[in-house]
Structure formats: structure tokens, C-alpha cells
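Me: Pick one part of this one and give me a close look at how it's put together. Start from the chain's early part and work inward, please.

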Amino acid sequence: MQVTMQSDPNTFYYGYEVGPIRPPSEARSLLLRVTRNCPWNRCAFCSIYKQSEFSERVVAHIKQDIDSIARHIESLVNPFLGRIMTGKRRHEPAGTQAYWMAFNWFRHGMKAVFIQDADSLSMPASDIIEILTYLHDKFPSIERVTSYARSSTVAKISKDSLKAMREAGLNRIHIGMESGSDAVLKMVKKGASKEIHVKAGLKVRAAGIELSEYVMPGLGGIRLSREHALETASALNRINPDFIRFRQLAIPVTAPLHATLEAGRFERCTDLQVMHELRLLISNLDGIKSSIVSDHILNLLQEVEGGLPEDKTRLLSIIDEFLEMNPQRQRLFQLGRRLGLFYGLGDLKDDGKMARVEAAYQALGISPENIDEKVSDLMTRFI
Ligand code: SF4
């Protein structure tokens, strides 16, 4: 597509921008788009940015976004001034993206900011530091600024630059490790090896920035499930991240891995197999003090959450409780979870919820033979 000067968003400012995703833990955060899309864009399980090109936003435009939020916050704090701001001296009227972003952030206390999109630390460190400094100057209430970053990108940033980012107010980096297995990483074209993941993770920690590592149970398929669990545990044991966040594999039709699945070159794990894999992974986490978080809607057992090492036995017992249930109850739980009716295993004792899930089980024509295919389809709704 030819970009004309008139429509080039790097020449003209077209207003506040918001990217498509954020971590579940950033629901209350201000979303500040610093780059657009993903510079790598090749991961086989990911469909988010496949139709979009990566670009860095102009620092002056990002500052205009911050100014825009500041004006809307001012009008929320002082409604009289707000009438003037959104009436006579209107810049961005109420009802715009910036207004709703400011409104959501204001009602949640204006404490956290999430920098978008997929790999914003690929921007020059000096730009990131300039944006962070401007942001904190405008909003002294901010306690936490977080960003996604790829391991390959972090591995190339100098220690001094990372430290300077931390001093400028970057508190946490979310890295999509997905797996510690080189075979899995290669199969899904992650663009990082186990060693790169470890190097990047240790660098983030050495800079004094909190580290959140995303891991994807099921990503190795049936063939690499065991290696995926053991190698991921091994990488995490070397890094000792602050957070280990699980996000179970789901394969939307628009992800390249879907074609591999259809061609029979990837055998997807059932929920039961993923739970065995997760158990193996957690039981091999040793000598670390990470918090395990399963707050993603795609996870079968969202209640597998707690601190290591003290909660390890409890986390394994939650998985065991599911694995030891009779098969029909397992299937009902799978369906209830994927319909969004169940949060945890305790919901199986809720007669009202169970009646709804049993009715859906009949209505959807679910059987022991098709349960995994049906729940896989349901899971893609959440992506
Ligand atoms: S690095 Fe992240 S956003 Fe980019 S393709 Fe991979 S999973 Fe998707």
C-alpha cells in the first residue's frame, strides 16, 4: 500500500492511538501506544498483528497523546473547566478514544501505565527514556509502568540503557517466553532460543526491573509436550522471574499453526494432556521465588496461582483434583470453563451453574469423542 504524505501517521497527528492487546493484569492501566504492531510477526501460534506492519510512533505524537489524557483528566477532576475544555476550547471532545481511556484510568486511580504494542523496547532507548520522563512529569501519581518486550530485543539492549529505563520509571517487562525448549521455539518460529530467553531474563532482573515471563502450556503439541515442560522449567529455574504467567495454547484459524494442524503436522494436546504437562512443569520448578499467575481466560485452571516455593504443593493438588475427577465431570468442567460459566473447580458444586452447563452439553451435542474439538473451538472466541 502506498502511503501518501497526507495520510502518513508519522507525519500528521491523528489523535490518541490504542493497540489491540494488553496483559490481563493491565486492565486498569493507561494504554500508551509507543510502537505499532510487532517487528517480528512470525510466531506460528499468533495471529494478532499478521495483517499489519510494524512502525515506531513519533515521540512528539506520543507526547501529544499524554497531553490529551492530561486535558481529559483535568476536565474530569474539574467539571467546570471540563465544560470549557470540551466546549469552547475543544481539542479532543468527550466520547473519543482518549476520553474513554482517561475516564477508565481516572476511575482506577491513575496508578499504572502499559506501553504498547508487542515489542516497544525495540525503539531507541533514548526515546523510551524521554517518553517515560515526560509521562512521570505529567502524572506524578504513576506507580507502575510496564511493557511487553521480546527476549531477542532485550538481549541486545545494553545493561546501562536498561538501568536508565528503570531509573526513568519502567518497573516491569512482560516477556513472551512461551517455551524453554529449543525444539518448540524453532517449531513455532519464536525467533529466540532458550539461551536468549535466559540471557534476556537475567538482564532484566539485573537492571532492577520486575520480570514477568509468559509460558504457553500445550505449545509443543503431543510430540514435544514432555520436553516443553522440562526445558521451560529449566529456563525458569535459571531466571527466577518475579512472575510466571500461564496462557494455554489456543489456535485461531488466522494463525499459521492452524494450517499446520489441518495438514496433520501438529497434534494438539487435549486439556487432560495439558494438565499433565502443567503438572510436570510446576513440579520441576525449584529454587525460585516466582509468583505463579494463571489469570488468562484461556487457562483451564485459573486458580493455579500462588507463590513459590511455599504454594507448590497446593498448586499441584489443584491440578491433581482435576486429573482425579471422573471423566464426565472433567468434560463438564472443560465445557463450563470454556463457556465462561466456571471460574474454578469449586463451581462444580454450584447446582445452578451445573444445570446450565449440562443443558449446554446436550444442546451442543458434546460427547467423549468430540469434547476436545468443541472446547478448542470455544477457546478461539477468547482470542
Ligand atoms: S513476538 Fe509476540 S506479537 Fe510478535 S508474532 Fe510473536 S507472539 Fe505475536
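Reply: Phenylalanine 12 sits in the segment before E1. Keep in mind that this is a predicted model. Phenylalanine 12 counts as exposed, because it has 11 C-beta neighbours inside 10 Å. A handy yardstick is valine 215: 203 residues separate it from phenylalanine 12 in sequence, and the C-alpha to C-alpha distance is 39 Å.

Now for the sheet. The chain builds an open sheet of eight strands with mixed pairing, in the order E1-E4-E5-E6-E7-E8-E9-E10. Its edge strands are E1 (30–33) and E10 (306–307), each of which pairs on one side only.

Let's zoom in on E5, residues 144–149. Is E5 largely enclosed or left open? Five of its six residues are buried, so E5 is largely enclosed by the rest of the structure. On one hand, E5 runs parallel to E4 (residues 112–116), and four bridges join the two; valine 113 stands opposite valine 145 there. On the other hand, E5 pairs with E6 (residues 172–178), again in the parallel sense and over four bridges, with threonine 146 facing arginine 172 in E6. To get from E4 to E5, look at helix H4 (residues 125–138): E4, H4 and E5 make a right-handed β-α-β unit.

Further along the order you'll find another unit of this kind. E7, helix H9 (residues 225–239) and E8 form a right-handed β-α-β unit. E7 (residues 210–215) and E8 (residues 243–246) are parallel and share four bridges, and glutamate 213 stands opposite isoleucine 244 in E8. E8 in turn is joined to E9 by three bridges, with the two running parallel; here phenylalanine 243 has serine 291 in E9 as its bridge partner.

Then the direction flips. E9 (residues 291–293) and E10 pair in the antiparallel sense, over two bridges. Serine 291 turns up again at this pairing, where its bridge partner in E10 is glycine 307. Put those together and serine 291 is bridged to phenylalanine 243 as well as to glycine 307.

Back to the E1 end, where helix H3 (residues 97–107) is worth a look. Its buried residues include Ala98, Tyr99, Met101, Ala102 and Trp105. They cover an arc of only 165 degrees around the axis, which means they are on the same side of H3. What covers them includes the edge strand E1 and also helix H1 (59–77). H3 is followed by glycine 109, which has a positive phi, near 90 degrees.

Finally, the ligand. Which residues surround the ligand? They are Cys38, Trp40, Asn41, Arg42, Cys43, Cys46, Ile48, Tyr49, Ala118, Arg150 and Gly176. By class, this shell has seven nonpolar, two polar and two charged residues. The sheet has a hand in this too: Gly176 is part of the shell, and the range of E6, residues 172–178, takes in that position.

Key. Residues numbered from 1 in each chain as written. Predicted model: local features only at pLDDT ≥ 70, side-chain atom pairs only at ≥ 80, totals over all residues. Near = placed C-beta within 6 Å. Nonpolar A, V, L, I, M, F, W, Y, C, P; charged D, E, K, R; others polar. Buried ≥ 20, exposed ≤ 12 C-beta atoms within 10 Å, placed from the backbone. Pairing = 2+ DSSP bridges. Right-handed = clockwise from strand over helix to strand, strands pointing away. Arc of directions from axis to C-beta. Contact = placed C-beta atoms within 7 Å.
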